[in-house]
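This report looks at how the helices of two chains are arranged, and it is best read with the structure open beside it.

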Amino acid sequence: MASFNVNTVLIVASILFTLGMVGVLTRKNIIFMLLSVEIMLNASGLAFVAAGSKWHQPDGQVMFLLILAMAAAEVSVALALVLQIYHQHKTLDVEQLKELKDEPATAESGD
Amino acid sequence: MELLFYISSAIAILATFMVITRYHPIHALLYLVVSFLAAAMVFLSLGSPFVAVLEVIVYAGAIMVLFIFVVMMLNLGKDTALQEKKWLQLKVWAGPSVLALVLLAEVIAVLWGGNDLTMQVSVVVPRKVALSLYGEYIVAVELTGFLLMAGIVGAAHIGKHTKRNLHRFLQK
């Protein structure tokens, strides 16, 4: 079978992780931020699988399965939240979603 | 096998770069599907066929379809793309991207200068994964079941459209 340099695989995983991180940091639309979180989870899963493959053990793949289940649960809850946010605020801009922040006294009361 | 790995990881990185730079949500989602398929190819070349199949089925098949459904339900189209174009100015993304890229350069420098470890890839068959999953990791599997249950209940509860019934004195 093939032989790789371990560092190459880890470099690919870290590039993917950084791209996801840049996406989270620069985007304001909440759907794009969720997508970037998925990219980061996938990149960390790649690092796990590479480590498991290095030692010929199934543990890396098991860890990837757990990450997969966690990503599925997270996405389902997060997308339900996105639907509610869009329903209530008519926007996906994370800077508009500051209901918990103290508003100045000029904010209209009652709603 | 090495060539497949290099080609598919280049595709994965390119497609991911396209994901975070697109304005239209559907375009970003389709590029992300391509990126996940390329990642599945990377897993296959690393000798993990089971994970490669799951990547295609669960990530590209289920999670991305969930995203596409939400984008369709919210009807995010050209207006969102225009808004994204307005939001994504140079001065917005330049700072965080440059800092993150510097960190990435550091990681790459560390990995590049590290000792040269080659790994001999041999296929870890699904049978070994299953034996490990239901052997020493059985508690983790059960906890994952709890997590998925909580995810389902949470999504069903949060996503429920409830009509707010106010008392007639509280109505405006």
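At what angle do α3(A) and helix α7 of chain B pack, and how far apart are their axes? In this predicted model, the two helices pack at an angle of about 10 degrees, and their axes are 9 Å apart. Because angles under 35 degrees count as roughly parallel, α3(A) is roughly parallel to α7(B).

## Chain A in outline

Chain A holds three helices and one strand, and from the N terminus on its elements run in the order β-α-α-α. Of its 111 residues, 47% count as buried. Among contacts in chain A between residues at least 6 apart in sequence, 42% join residues that are at least 24 apart.

## The helix α3(A) and its partners

The contact between α3(A) and α7(B) is made by several residues on each helix, among them Leu66(A), Ala69(A), Ala73(A) and Val77(A) of α3(A), together with Thr144(B), Leu147(B), Gly151(B) and Ala155(B) of α7(B).

The helix α3(A) also packs with α3(B): their axes come within 11 Å and cross at roughly 0 degrees, which makes α3(A) roughly parallel to α3(B). Residues of α3(A) including Phe64(A), Leu68(A), Val75(A) and Tyr86(A) meet residues of α3(B) including Phe50(B), Leu54(B), Leu66(B) and Met73(B).

## The helix α2(A) against α3(B)

The axes of α2(A) and α3(B) come within 12 Å and cross at roughly 175 degrees. Since this angle is over 145 degrees, α2(A) is roughly antiparallel to α3(B). Here Ile31(A), Leu35(A), Glu38(A), Asn42(A) and Val49(A) in α2(A) meet Val51(B), Tyr59(B), Ile63(B), Phe67(B) and Val71(B) in α3(B).

## The side of chain B that touches chain A

Counted over the two chains, 72 residues of chain B are in contact with 61 residues of chain A. The elements of chain B that give two or more residues to the side touching chain A are α1, α2, α3, α4 (78–87), α5 (90–113), β1 (118–120), α6 (126–133) and α7. Of these, α3(B) gives the most, with 13 residues.

## Two sides of α1(B)

The helix α1(B) has 20 residues and reaches 29 Å from its first C-alpha to its last, which is close to the 28 Å expected at 1.5 Å a residue. Its buried residues are Phe5(B), Ser8(B), Ser9(B), Ala12(B), Ala15(B), Thr16(B), Val19(B) and Ile20(B). These buried residues lie on the same side of α1(B), because they cover an arc of only 130 degrees around the axis.

On the other side of α1(B), Leu3(B) and Ala10(B) are exposed. The buried residues of this helix pack against β1 (3–5), α1 and α2 of chain A, together with α2 of chain B.

## A core drawn from both chains

The largest nonpolar core has 67 residues, and those with the most contacts inside it are Ala13(A), Leu16(A), Leu35(A), Leu46(A), Val42(B) and Phe43(B). The elements that give two or more residues to this core are α1 (6–26), α2 (30–54) and α3 (59–89) of chain A, together with α1 (2–21), α2 (25–45) and α3 (49–74) of chain B. In soluble globular proteins, nonpolar side chains tend to be buried together.

What does Phe43(B) touch, not counting residues up to four places away in sequence? With that restriction, Phe43(B) touches Val49(A) in chain A, and Ser48(B), Val51(B), Ala52(B) and Glu55(B) in chain B.

Key
Residues are numbered from 1 along each chain as its sequence is written. Chains are lettered from A and ligands numbered from 1 in the order in which they are written. This is a predicted model: local features need pLDDT of at least 70, side-chain atom pairs count only at pLDDT 80 or more; totals for chains, interfaces and linings use all residues. A nonpolar core is a set of buried Ala, Val, Leu, Ile, Met, Phe, Trp, Tyr and Cys residues joined through C-beta atoms within 7 Å. A residue is buried if 20 or more other C-beta atoms lie within 10 Å of its own, exposed if 12 or fewer, and partly exposed in between; C-beta atoms are placed from the backbone. Helices (H or I, at least four residues) and strands (E, at least two) are DSSP runs, numbered from the N terminus. Two residues are in contact if their C-beta atoms, placed from the backbone, lie within 7 Å. The expected span of a helix is 1.5 Å times one less than its number of residues. The arc is that of the directions from the helix axis to the C-beta atoms. Axes are lines fitted to C-alpha atoms, for helices over the stretch in contact, and angles run from 0 to 180 degrees between N-to-C directions. Angles under 35 degrees count as roughly parallel, over 145 as roughly antiparallel, 65 to 115 as roughly perpendicular and the rest as oblique.
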